[in-house]
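Dear colleague,

Please find below the structure that I am handing over to you. My notes on it follow directly after.

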Amino acid sequence: LSNPHGGSSSSGNETITDFDTCGANFCVVNTLGNENLVRPNDSEIYEISGIYLACIIVAVILIAILVDPLSR
């Protein structure tokens, strides 16, 4: 198989992975042994959601204060 990022796999510590189930062909049925697909704790999800919401609120406030209103 070829490297999906276009690089050569000349180093000896790389493992060959089956890329047939990557991207649009991803199958959620065969995910039992994959540690990357474990759901994070609810507290981490809430923390990231709170940071995202805070960034949105700050952006709205900055736009409301700093952008000149349209005048006809």
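Helices (H or I, at least four residues) and strands (E, at least two) are taken as DSSP runs, numbered from the N terminus. The protein has one helix and zero strands, and leucine 66 lies in that element, helix H1 (residues 42-66).

This is a predicted model: local features need pLDDT of at least 70, side-chain atom pairs count only at pLDDT 80 or more, and totals for chains, interfaces and linings use all residues. Residues are numbered from 1 along each chain as its sequence is written, while side-chain values use heavy atoms, with hydrogens and water left out.

Of the 72 residues, 0% are buried (under 20% relative accessible area; exposed is over 50%, partly exposed in between; 1.4 Å probe, protein chains only). Leucine 66 is exposed, at 62% relative accessibility.

One salt bridge is counted (a side-chain nitrogen of Lys or Arg within 4 Å of a carboxyl oxygen of Asp or Glu). Arginine 39 and aspartate 42 form a salt bridge, with their closest N and O atoms 3.3 Å apart. Arginine 39 is exposed, with a relative accessible area of 61%, whereas aspartate 42 is partly exposed at 41%.

Kind regards
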